[in-house]
Amino acid sequence: MDEMLNQLAANASAAGGFDWTYILVALGALLSMWASNKVKSAYSEFAGVRASCGLSGADVARKILSRNAISDVSVNHVAGELTDHYDPSRRVVNLSDAVYDSTSLAAIGVAAHECGHVLQHYTGYAPLKIRTALVPAANIGSKLGIPIILASLALGLSPIFAQVGVWLFSLGILFQIVTLPVEFDASRRALIMLEEYGILQRGEVAGSKKVLSAAAMTYVAAAVSAVAQLIRLIIIAKSQSRR
């Protein structure tokens with residue numbers, strides 16, 4: 001792999017004015033756009049399908065928490081579109097405008113997914129612990145990695161600075177990779193609970209599953225896009241070290 005990157009770096013240095021590594025960024029952006037459109041399409045499709053149970057997203061969240069004897073987590077309404085999330089520091093499940101009061105299959109699936117994160121937290125799910133521990137380092141890496149690399153190139157600094165930038169950026173990618181099993185597991189838990197607790201009928205679970213599967217693809221796309229960006233940065237850093 002390292003030999004291949006060295007060869008790509010050599011080719012990039014000899015390529016003249018056109019930086020072909022931008023193709024990696026473009027492919028990542030296209031993948032992210034595709035995933036975003038996919039989740040919006042799936043959500044729109046099942047946002048109009050009402051669940052036979054008649055429960056809202058907030059009702060479902062509270063029912064799941066109650067069934068699992070979790071009494072110290074509240075369910076709150078937050079503004080925005082698809083801003084749903086579980087805040088472990090405040091013990092709050094935040095549900096967005098389109099989820100909190102809605103009785104649709106899409107809303108119920110999202111609410112159950114967030115409760116899946118609650119159960120991960122309360123059962124000590126290892127990937128969630130790792131992701132939480134990575135947050136500070138990932139935030140620093142995401143903010144400083146690329147600026148350090150660009151500054152190194154612009155100012156003609158030692159290649160070591162570019163390498164530091166690459167390592168910092170890698171921390172953010174590690175966070176995104178660890179996020180994948182966390183999100184997939186939360187959806188798996190959600191779908192099991194929706195059926196086992198009798199909240200949705202089997203045919204209705206399929207609708208919620210389609211929404212959650214589409215949402216999961218946005219995390220996959222983000223991770224792939226970030227890896228493509230990392231490869232580009234490594235190539236640039238190696239090109240600089242050749243000069």
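Student: Why does the sulfur of C115 form no bond with the closest cysteine sulfur?

Tutor: As a general idea, a disulfide is a covalent bond between the sulfur atoms of two cysteines. Here the closest cysteine sulfur to that of C115 belongs to C53 and is 14 Å away, so it is too far for a bond; the cut-off for a disulfide is a pair of cysteine sulfur atoms within 2.5 Å. Keep in mind that this is a predicted model, in which local features need pLDDT of at least 70 and side-chain atom pairs count only at pLDDT 80 or more, while totals for chains, interfaces and linings use all residues. Residues are numbered from 1 along each chain as its sequence is written, and side-chain values use heavy atoms, leaving out hydrogens and water.

Student: How many disulfides does a search of the whole structure find?

Tutor: The search finds zero.

Student: Is C115 buried or exposed?

Tutor: Relative accessible area tells you: buried is under 20%, exposed is over 50%, and partly exposed lies in between, using a 1.4 Å probe and protein chains only. C115 has 0% and is buried, whereas C53 has 30% and is partly exposed. Across the protein, buried residues make up 43% of the 243 residues.

Student: Which elements make up the secondary structure of the protein?

Tutor: Helices (H or I, at least four residues) and strands (E, at least two) are DSSP runs, numbered from the N terminus. This protein has eight helices and three strands, in the order α-α-α-β-β-β-α-α-α-α-α along the sequence. Its C-alpha atoms fill a box of roughly 65 × 35 × 30 Å along the principal axes.

Student: At what angle do helix 3 and helix 5 pack?

Tutor: To read such an angle, fit axes as lines to C-alpha atoms, for helices over the stretch in contact, and take the angle between N-to-C directions, from 0 to 180 degrees. Helix 3 (residues 57–67) and helix 5 (residues 105–123) pack at about 30°, with axes 8 Å apart. The two helices are therefore roughly parallel; that label means under 35 degrees, with over 145 roughly antiparallel, 65 to 115 roughly perpendicular and the rest oblique.

Student: Which residues make the contact of helix 3 and helix 5?

Tutor: Contact means heavy atoms within 4.5 Å. Helix 3 contributes G57, V60, A61, I64 and L65, and helix 5 contributes A107, I108, A111, A112, C115 and V118. These residues divide into ten nonpolar, one polar and no charged. In this scheme Ala, Val, Leu, Ile, Met, Phe, Trp, Tyr, Cys and Pro are nonpolar, Asp, Glu, Lys and Arg are charged, and the others, Gly among them, are polar.

Student: How do the axes of helix 5 and helix 7 cross?

Tutor: They come within 7 Å and cross at roughly 110°, helix 7 being residues 159–196. That makes helix 5 roughly perpendicular to helix 7. Among the contacting residues are H113, H117 and Q120 of helix 5 and E183, D185 and R189 of helix 7. The whole contact divides into eight nonpolar, seven polar and three charged residues.

Student: What is notable about the phi of A69?

Tutor: Most residues other than glycine have a negative phi. A69 has a positive phi of about 55° although it is not a glycine. A69 sits in the loop between helix 3 and strand 1 (74–77) and, at 67% relative accessibility, is exposed. R91 also has a positive phi of about 55°; its place is the loop between strand 2 (85–87) and strand 3 (92–95). R91 is partly exposed, at 31%.
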